[in-house]
Amino acid sequence: MPKAKMPVAVLIALTAGPALAIGVTLWVVNDMVPACVVTEAQRLTAPDGEYDLVTFSRACGETPPNIQAALVPPGEEVPFDAASFVSVAEATDLTPRWIAASQIEITLPEAGQVLRQDETVAGVAVIYR
């Protein structure tokens, strides 16, 4: 007895329907999640060229003013999800500087909430003043 063949239109509907539903769902969810925007304030390359010390602000939807600092590979953009080693809930200048390849200095504001203040990052000591 020969096998019954399924019409091509039915096969297309069975495969395209779920794919379309998944695509629409991803599009709607992506539109609901706010995109983060990273704005660099300053970038300083380490004396040995291993890292760039970058100060930046990150805005994700209705984010209050902030300033953060992170070490990134030289010349690379700061990713929107970069892990900062210092974060202040204020738009201010951190006045970063490299003291040596293994030591950096950051100026914290007298007023303003410090959200994060790590003592080391990637083997580099952080001095706060």
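Four strands line up as an open sheet in this predicted model, and their order is β5-β6-β9-β8, with mixed pairing. At the edges sit β5 (97–100) and β8 (120–121), each of which pairs on one side only. Take β8 and β9: they run antiparallel to each other and share two bridges. Look for V121 and you'll find its bridge partner in β9, V124.

Now for the nonpolar residues. The largest nonpolar core has 17 residues, and F85, V86 and I106 are the ones that touch the most other members. Two or more residues of this core come from each of β3 (67–72), β4 (86–88), β6 (103–106) and β9 (124–128). Apart from that core there's another one, made of six residues, including V54, F56, V72 and A82. As a general point, nonpolar side chains in soluble globular proteins tend to be buried together.

I106 is a good residue to click on. Leaving out neighbours within four places in sequence, its contacts include A69, F85, V86, L94 and V126.

Then there's N66, in the loop between β2 (52–60) and β3. Is N66 buried or exposed? N66 counts as buried because its relative accessibility is 11%, which falls under the 20% cut-off. Its side chain has these polar contacts:

| Side chain | Partner | Distance |
|---|---|---|
| N66 | backbone oxygen of R58 | 2.8 Å |
| N66 | backbone oxygen of P64 | 3.1 Å |

Not counting residues up to four places away in sequence, N66 touches F56, S57, R58, V88, A89, E90 and A91. One of these, F56, is also a member of the six-residue core.

Methods
Residues numbered from 1 in each chain as written. Predicted model: local features only at pLDDT ≥ 70, side-chain atom pairs only at ≥ 80, totals over all residues. Heavy atoms only, no water. Core = buried A, V, L, I, M, F, W, Y, C linked by side-chain atoms within 4.5 Å. Buried < 20%, exposed > 50% of the residue type's maximum accessible area, 1.4 Å probe, protein only. Contact = heavy atoms within 4.5 Å. Pairing = 2+ DSSP bridges. Polar contact = N/O pair within 3.5 Å; in protein donor to acceptor, adjacent residues only side chain to side chain.
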